[in-house]
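Hi,

Here is the structure I said I would pass on. Have a look at it first, and then read my notes underneath.

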Amino acid sequence: TKGRYGLRVMLDLAVHEEEGLIPLRDIAARQELSEKYLEQIMMLLARASLVRSARGAQGGYALARPADAITVGDVLRTTEGTLAPVDCASADAAGCPRAGDCVTREVWRRIADAVDGVVDAMTLADLRTLYQEKNPPDYCI
């Protein structure tokens with residue numbers, strides 16, 4: 001859930017970027033998520049320099065870089081760790097005694113490479129554009 005919620009939070013910050021610092025309670029309310037759980041996720045994102053924060057009455061969170069400079073992969077790896085479907089597909093499979101001669105490892109490596117290709121090619125700006133296409137603002141005429 002950290003990856004899913006982390007991506008939702010980062011998209012929320014990208015969509016509301018023009019508003020400046022966003023209080024966590026506002027994000028939690030919009031996303032219908034627990035503030036306590038989001039605090040944990042925000043700490044991970046802040047440590048990775050994906051978000052910046054400020055305390056106090058006017059405090060909150062904002063993206064630390066432009067939305068087009070943060071990939072989905074950045075967010076998912078920060079919150080989930082490796083995206084490899086199995087341990088032996090990660091770059092560090094030295095712990096597996098069969099890594100050198102395992103034929104099925106190639107299947108898992110290709111799946112991992114495909115996932116990495118997708119998440120590293122999409123940015124928060126791309127997701128924001130998709131969000132705006134699916135949720136056009138209501139215009140009063």
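Let me start with a small puzzle: is E106 buried, partly exposed or exposed? E106 counts as partly exposed, at 41% relative accessibility. Keep in mind that this is a predicted model, and that goes for everything below.

**The overall picture**

The chain has six helices and two strands. Starting at the N terminus, the order of the elements is α-α-α-β-β-α-α-α, with the two strands next to each other in that run. The C-alpha trace spans about 65 × 35 × 25 Å along its principal axes. There are 141 residues in the chain, and buried ones make up 35% of them.

**Salt bridges**

The count of salt bridges comes to seven. Here are some that I looked at.

E106, from the puzzle, meets R110 in one of them, at 3.0 Å from N to O. Both sit in helix 5, four residues apart, so about one helical turn separates R110 from E106. R110 is exposed, with a relative accessible area of 57%; the cut-off for that class is over 50%.

Another involves R30 and D12, whose closest N and O atoms are 2.7 Å apart. This pair links distant parts of the chain, as R30 belongs to helix 2 (residues 24–31) and D12 to helix 1 (residues 2–15), with their positions 18 residues apart in the numbering. The two partners fall into separate exposure classes: R30 is partly exposed at 35% relative accessible area, whereas D12 is buried at 4%. D12 gets that label because anything under 20% counts as buried.

Helix 5 comes back in the next pair. D116 forms a salt bridge with R77, and their closest N and O atoms are 3.0 Å apart. D116 lies in helix 5 (residues 104–121) and R77 in helix 4 (residues 72–80), so this bridge ties together parts that are 39 residues apart in sequence. Both partners are partly exposed, D116 at 24% relative accessibility and R77 with a relative accessible area of 30%.

**A nonpolar patch**

V107, W108, I111 and V115 make a nonpolar surface patch of about 300 Å². V107 is found in helix 5, and V107 counts as partly exposed at 45% relative accessibility.

**The largest pocket**

Next, where is the centre of the largest pocket, in terms of the residues that lie nearest to it? Those residues are S53, A54, R55, G60 and Y61, out of a lining of 14 residues. The space in this pocket is about 310 Å³. Helix 2, helix 3 (35–47), strand 1 (51–54) and strand 2 (60–63) are the elements that give two or more residues to its lining. Helix 3 gives the most, with three residues. Sorted by class, the lining has eight nonpolar, four polar and two charged residues.

**Helix 3 and the loops on either side**

Helix 3 also holds Y37, which is partly exposed with a relative accessible area of 23%. Y37 and Y5 are 32 residues apart in sequence, and their C-alpha atoms are 9.2 Å apart in space.

Two residues in the loops here have a backbone angle you may want to look at. E32 has a positive phi of about 55° although it is not a glycine. E32 lies in the loop between helix 2 and helix 3 and counts as exposed, at 74% relative accessibility. S49 likewise has a positive phi, of about 60°, and is not a glycine either. S49 is found in the loop between helix 3 and strand 1. With a relative accessible area of 44%, S49 is partly exposed.

**Where to look**

If you open the model with these notes beside you, helix 5 is one place to begin, with the R110 and E106 pair and V107 from the patch. After that, go to helix 3, which gives three residues to the lining of the largest pocket and includes Y37.

Best wishes

Methods: Residues numbered from 1 in each chain as written. Predicted model: local features only at pLDDT ≥ 70, side-chain atom pairs only at ≥ 80, totals over all residues. Heavy atoms only, no water. Salt bridge = Lys/Arg side-chain N within 4 Å of Asp/Glu carboxyl O. Buried < 20%, exposed > 50% of the residue type's maximum accessible area, 1.4 Å probe, protein only. 1 Å grid on protein atoms, 1.4 Å probe; cavity = no way out; pocket = protein on both sides within 12 Å on 5 of 7 lines; lining within 4 Å. Points joined across faces, edges and corners; volume = space filled by probe spheres on them. Nonpolar A, V, L, I, M, F, W, Y, C, P; charged D, E, K, R; others polar. Patch = residues over 30% accessible without salt bridge, like charges linked within 9 Å, V, L, I, M, F, W, Y side chains within 5 Å. Areas by Shrake-Rupley, 256 points an atom, 1.4 Å probe, with all protein chains shown as cover.
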